[in-house]
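Welcome! Here are a few exercises to help you find your way around a new structure, each followed by a worked solution.

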Amino acid sequence: EDLATAVGTLLPVLSFQASTSTTAQTITQTNPFTGTTRILSGQYVNQTADTLSLVATMNVIDFGRGKANIALKNELVQASQQSLVNIEQQVLLSAVQAYVNLGLQAELVAAQESNVRLITQDLRAAKDRFDVGEVTKTDVALAEAQLASANAALASAQGNYNVARESYLAAIGHYPDSLAGLPHLPGTAKNLAAAREIALKTHPLVLQAQHQAKATDLGVDLARAQMRPMISANATLRDSITNSNLPIDAGQLSLTLNQTIYSGGQLSSGIRRAIAQQQAAHAALLQTGVQVSQAVGNAWSNILVANASIIAGDEQIRAAQAAYDGVKQEAQLGSRTTLDVLNAEQTLLQAKAARLQAAANLYTSDYTLLSAMGLLTANHLHLGIPTFDASAYLNAVKNAPATSERGARLDRILKSLGK
């Protein structure tokens, strides 16, 4: 709409003016000898006039002001559209993180529940062996302490799950009924260099900064154009009726040249200000590129770490499972204590939890990389959902129409959301 307003400044403005007036006059006579003044009898004059005017004004030549302003507003529109894309990425990434985290917390709760059941069995076995004199009261106490610790860990996991459900509600809009399995990871890039190259070309923050920098370039042109003259045209049609009931029609056409000679340094200050904003915007563009490149590198590193953690986690689970099975068998033969069995159980549980966390990190890191590359959008992911077409809205109003069907529909949507 700012662009439409800028276009409208180059179009003629048509207005009407209506006025009514009454003029009363008295005719007096002054005596030159005495200096006294008297009103002549019957010499009162009243005049009334009703006037209706139709006025059209238009800037004929502005020496680049309007063109520069329109181009500037267009760049700002493009920048705001890229800002909208970046918000879309943030929304989708929050949804992915909430979904993955909720699934992870559910699996951790299940693991803790399994651990509680396992330790309960160990405690029961320790009590049975104590009854027959195979172990001491200390072994039973160790199992009881471990069970209490497992119950505390389960309560903590359940709390984390409830927190994850609230995050899911905030990101998705409703509580989950049941979670489906995670889909295949989306494709990103072959290597880090390719990912960075794509990011610097497609990331909405980079594109937004580019449009903002271009807008400040045009801002300098606009500030310099303020130094130039302006020619405007004015056309007036006037119809007046007086108390004599005689219509008076008049028309007027004029051209006006306006050139500022001295403005107290305001115009020069405006140019310097525009140049400073231009330098700041171009510096911000460079810094945005650095930050986007860094985000891609961080996400890529997280993916490598997650993949390595998954491989190491699989090996750790295999070894911990073998150790637990061996320690349990040895405990049954009397060569291992209850404490050894409990420690082996916890080592296995920690290995499984670390493997689950690594898998979740890999999934979120992959989508984080996609976001850092500027590709985490509904269109790129082929989600098949309706999306707001900002370009279509721009095309509907860029010529400054008096009314816009698309704008009216958007107003109705916003009003319904407000209700």
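**Exercise 1: Charges**

Find how far apart the mean positions of the positive and negative charges of the protein are.

Solution. The protein has 30 positive and 31 negative charges, and their mean positions are 10 Å apart. Here Lys and Arg count as positive and Asp and Glu as negative, while His and the chain ends are not counted. Each charge is placed at NZ of Lys, CZ of Arg, CG of Asp or CD of Glu.

A note before going on: this is a predicted model, where local features need pLDDT of at least 70, side-chain atom pairs count only at pLDDT 80 or more, and totals for chains, interfaces and linings use all residues. Residues are numbered from 1 along each chain as its sequence is written, and side-chain values use heavy atoms, leaving out hydrogens and water.

**Exercise 2: A pair in helix α4**

Work out which side chain meets Lys201 in a salt bridge (a side-chain nitrogen of Lys or Arg within 4 Å of a carboxyl oxygen of Asp or Glu).

Solution. Start with the partner: Glu197, at 3.4 Å, N to O. Next, place them: both lie in helix α4 (residues 192–202), four residues apart, about one turn of the helix; helices are DSSP runs of H or I, at least four residues, numbered from the N terminus. Finally, check the surface: Lys201 is exposed at 56% relative accessible area, and Glu197 is partly exposed at 45%. Exposed means over 50%, buried under 20% and partly exposed in between, with a 1.4 Å probe and protein chains only.

Technical notes
Helix = DSSP H or I, 4+ residues; strand = E, 2+ residues; numbered from the N terminus.
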